[in-house]
Amino acid sequence: MSDHRKLGRELGLFDTDPLIGAGLPYWLPDGATVRHTLEEYIRAAERRAGYRHVYSPVLGKRELYELSGHWQHYSDDMFPPMDLGAEQVVLRPSLCPHHAVIYRSRGHSYRELPLRMAELGGMYRSELSGVLGGLTRVRAIQLNDAHIFCTLDQVADEAGAALEMIRRAYEALGITPARYRLSLPGPGPGGKYVAAPELWRRSTALLTDVLDRSGLPYEAVEGEAAFYGPKIDVQVADGAGRESTLSTVQVDFHQPERFDLHYIGPDGARHRPVMVHRSIIGSVERAVAHLVEHHGGAFPAWLAPTQLVVLPISETELARAGELVRRCDELGLRAELAGPDHGSLGARIREARRVPYQAVVGAREAADDRVALRLRDGRRLPPLPVGEVLPRIEALVRSYSPDLWDAA
């Protein structure tokens, strides 16, 4: 089984330092490339689905979280407030209060709904040091978050569309859900959940209907809901069978009431929207941790930090190999040159075993502007024109295909 902490350091993706602090990893260049590429995939998918992106600050006044309910129900997981004169500000544990404030900053008509608001934003959780580990449990989180403000009649379609976005993302990432979970509140008294039985009933009924209509198998589990409402959790498992939540879809009647959100309906009256919380890959940190372990560091071609390594057989082919790297750069492909100074050809091939494409350039290939391509899965292609090979790779990468080569 691959441990993302060990493998991530070996591959130069991320690391930690006690001077920065526990649960606060930093990203090295190759890890930053993976993270940036994953974030851009999500932003592009959201734009195609009609989401509008925003930025909001990672700090908020304590009153913001008192209004949202986080301070009452979630303060154990929040960092202590910081005094700024007569005010107290808090590192946010969630993006949804900020998005609620952004929504209410403008008037809205029913014609604008559903209004889909997305952000890849930072948030902070005061995790105990004993549960921190690599990228799976951290204190500074980059969250792929979105909130859909819609009418009650639109909730089922929006939640269903979010599940379909999750399915497509998992296909591109080459991962499979372990199970779908309908996360419900736990029994008994306590301050963990908002006391609003009718809102819980309506939210649970909506999500149950969405899951039933999707045809996805799921399990209902008590004690796993958010404090303000039930949610659909998409669970993934590591090599040891340990589960974690990667993606979520939630229905929230609570915060629209707390923030007095409204829209003007066709009757000219004020109506309360429903807030659908949705995250396609959850936290970038946890997503990358799962991908590292699942793929053993051999990422899908579109996500790999180095997509193609150029291997000239001898010093004579170095100039042609350098030109091939430049042509890759022009197409937006991430290519590197590994010349004879890096060792024998066999050693260089072994060193690049996780790179999706290895382009071997010998004397004949250099003379004919061809390349002998080796695929990561062991396939070897006959020498092909560079003008054919690179566009085919670029097309597969651009389409987020999990395949290394097409049948054309």
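This text goes through the domains, the nonpolar cores, the largest cavity and one buried threonine of a predicted model.

The chain is divided into two domains: domain 1 covers residues 4-295, and domain 2 covers residues 308-399. Taken over C-alpha atoms, the centres of domain 1 and domain 2 are 41 Å apart.

The nonpolar cores come next. In soluble globular proteins, nonpolar side chains tend to be buried together. In this model, the largest nonpolar core has 84 residues. The members that touch the most other members are L38, L308, Y357, L373, I393 and W405. Among the elements of the chain, helix α6, which spans residues 155-173, gives the most to this core, supplying 11 residues. Because domain 1 (4-295) and domain 2 (308-399) both give residues to the largest core, this core lies between them.

L373 can be taken as an example of how a member of this core is surrounded. Residues up to four places away in sequence are not counted here; beyond these, L373 touches Y357, Q358, A359, R379, R380, L381, V389, I393 and W405. Of these neighbours, Y357, I393 and W405 are also named with L373 among the core members that touch the most others. Apart from the largest core there is a second, separate one of 16 residues, and L64, L115, M117 and F259 are included in it.

The next topic is empty space inside the model. Rolling a probe the size of a water molecule over the atoms shows where empty space is left. A search of the whole structure finds two cavities of 30 Å³ or more, and the largest cavity holds about 90 Å³ of space. Its lining is made of R320, A321, E323, L324, R327, V361, E365, A366, D369, R370 and V386. Two helices, α10 (318-330) and α12 (363-368), each supply at least two residues of this lining. Helix α10 gives the most, with five residues. Sorted by class, the lining of the largest cavity has six charged residues, five nonpolar residues and no polar ones.

The last stop is T248, a residue of strand β12, which runs from 243 to 252. Is T248 buried or exposed? Its relative accessible area is 13%, so T248 counts as buried, the cut-off for this being under 20%. Leaving aside neighbours within four places in sequence, T248 is in contact with I232, D233, H277, R278 and S279.

Technical notes
Residues numbered from 1 in each chain as written. Predicted model: local features only at pLDDT ≥ 70, side-chain atom pairs only at ≥ 80, totals over all residues. Heavy atoms only, no water. Core = buried A, V, L, I, M, F, W, Y, C linked by side-chain atoms within 4.5 Å. Buried < 20%, exposed > 50% of the residue type's maximum accessible area, 1.4 Å probe, protein only. Helix = DSSP H or I, 4+ residues; strand = E, 2+ residues; numbered from the N terminus. Domains from an automatic or database assignment. Contact = heavy atoms within 4.5 Å. 1 Å grid on protein atoms, 1.4 Å probe; cavity = no way out; pocket = protein on both sides within 12 Å on 5 of 7 lines; lining within 4 Å. Points joined across faces, edges and corners; volume = space filled by probe spheres on them. Nonpolar A, V, L, I, M, F, W, Y, C, P; charged D, E, K, R; others polar.
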